[in-house]
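The exercises below ask you to read a protein model step by step. Keep the sequence and the structure in view while you work through each solution.

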Amino acid sequence: MMLPVALLLLGALTAALAPRLLARAHWREREPVVALWMWQCVVAGVLLCCFLAMALTGAAAWHLVRGHVFAPAPHAVVEAYALGAYGPWAPATAVVLALGGVWTVAMLVREIARARSRRRQRRADLLVRSPLLPGEERDQERLVVLEGDRPDAWWLPGPSPQLVITTAALRRLKGRQLDAIAAHEQGHATMRHDWLRHISAALAHGFPQVAFFAAFRDEMHRLVELAADDMASRRFGRLTTALALVELNEDRGVFGPSPAPEAHLPQRVHRLLAPQARLAPMHRLRLTAAAAVVPVVPLVVTFGPGLLALN
């Protein structure tokens, strides 16, 4: 089988099987950080398969591309890939994959631009709702308190992240509950969850017919919240964090008989209150190492013929 076909089949097989295997893994609820890492490795592996297939088909179709791809390689290595046997479909495949790559980059740029626009708008709204006093600088202010009747708190990402909290939340949250909410939001900023959301949203919006990318986006939105919950609960306790989530969100209808489909708060609270056994460190290390192998496989498949030719 020709190498680009093998890479594309490997990427398709990974995209089809990985979400199902991860959905059956019971440990992902207990170890959201490991699950986040595994999802990132799987997506990286799928995209790497497409990129390497594009490079090989492009090298087979055009001598200019071949000169760049195999510039430092001996003649025996080039011969090992049998580029002349790829057939007339190589140029079309290379163009389609290249267009897919350009489209992916364009979707990511658009998602980042939109996120920055939303962030600028929210910062402008903060200046209107919470104007600066003489001598104050908003970029140096880590906490912003807004007048509001609805309990709410969020972390505004950017070069100078800020925790925004309403006066209703200050009145409702008691003692360490406020600290737990702050730790939760700070966890998002520390682990740069905004970038995971941008990348997953760009892939899902750019390729709406690909269920794999939609699953990636949905899991990123869910797992980053679980990871931030764990960061807060390690510092202030699981019960305190669960009560803080309830106090902050009970007026939004997410705990009613028919919560919104995207509301994961009841499951998050139940997870914090239910006793859970953490994975053993060695088991966690094995899962992390296994995930890291996923993007290595297409590299081994691609460079295998060249290494064998050198030997």
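**Exercise 1. Find which residues Leu223 is in contact with, leaving aside its neighbours within four places in sequence, and then place Leu223 in its nonpolar core.**

Solution. This is a predicted model, and the mean pLDDT of the protein chain is 86, with 92% of its residues reaching 70 or more. Once the sequence neighbours within four places are set aside, the contacts of Leu223 are Arg28, Pro32, Ala35, Leu36 and Trp39. Next, turn to the largest nonpolar core, which has 27 residues and in which Leu223 is listed with Trp27, Leu36, Trp39, Phe212 and Met220 as having the most contacts. Two or more residues of this core come from each of helix 1 (3-24), helix 2 (32-61), helix 8 (193-206), helix 9 and helix 12 (281-293), and the greatest share, nine residues, comes from helix 2. Finally, another core of 15 residues lies apart from this one, and Leu7, Leu56, Tyr86 and Leu97 are among its members.

**Exercise 2. Compare the end-to-end distance of helix 9 with the span expected at 1.5 Å a residue, and do likewise for helix 7.**

Solution. Begin with helix 9 (residues 211-236), which has the highest mean pLDDT among the elements of the chain, 94. Its 26 residues should span 38 Å, and because the end C-alpha atoms are 38 Å apart, the two values agree. After helix 9 comes Gly237, with a positive phi near 95°. Helix 7 (residues 176-190), with 15 residues, reaches 20 Å from its first C-alpha to its last, which is close to the expected 21 Å. Just after helix 7, Arg192 has a positive phi of about 55°. Among the buried residues of helix 7 are His184, Glu185 and His188.

**Exercise 3. Decide whether Asn249 is buried or exposed, and find which backbone oxygen its side chain lies 2.8 Å from.**

Solution. Asn249 belongs to helix 10 (residues 238-249). Its relative accessibility is 8%, and because buried means under 20%, Asn249 counts as buried. A polar atom of its side chain lies 2.8 Å from the backbone oxygen of Leu245.

**Exercise 4. Check how much helix there is in residues 33-57 and in residues 92-113.**

Solution. An unreviewed UniProt entry lists residues 33-57, 92-113 and 287-310 as "transmembrane region". In the model, residues 33-57 are 100% helix and 0% strand, with end C-alpha atoms 36 Å apart. Residues 92-113 are likewise 100% helix and 0% strand, and their end C-alpha atoms lie 31 Å apart.

Methods:
Residues are numbered from 1 along each chain as its sequence is written. This is a predicted model: local features need pLDDT of at least 70, side-chain atom pairs count only at pLDDT 80 or more; totals for chains, interfaces and linings use all residues. Side-chain values use heavy atoms; hydrogens and water are left out. pLDDT is the predictor's confidence in each residue, from 0 to 100. Helices (H or I, at least four residues) and strands (E, at least two) are DSSP runs, numbered from the N terminus. UniProt positions are given in the numbering used here, feature names are shortened, and annotations may be inferred rather than shown by experiment. Buried means under 20% relative accessible area, exposed over 50%, partly exposed in between (1.4 Å probe, protein chains only). A polar contact is a pair of N or O atoms within 3.5 Å; within protein, one must be able to donate a hydrogen and the other to accept it, and residues adjacent in sequence count only if both atoms are side-chain atoms. The expected span of a helix is 1.5 Å times one less than its number of residues. A nonpolar core is a set of buried Ala, Val, Leu, Ile, Met, Phe, Trp, Tyr and Cys residues joined through side-chain atoms within 4.5 Å. Contact means heavy atoms within 4.5 Å.
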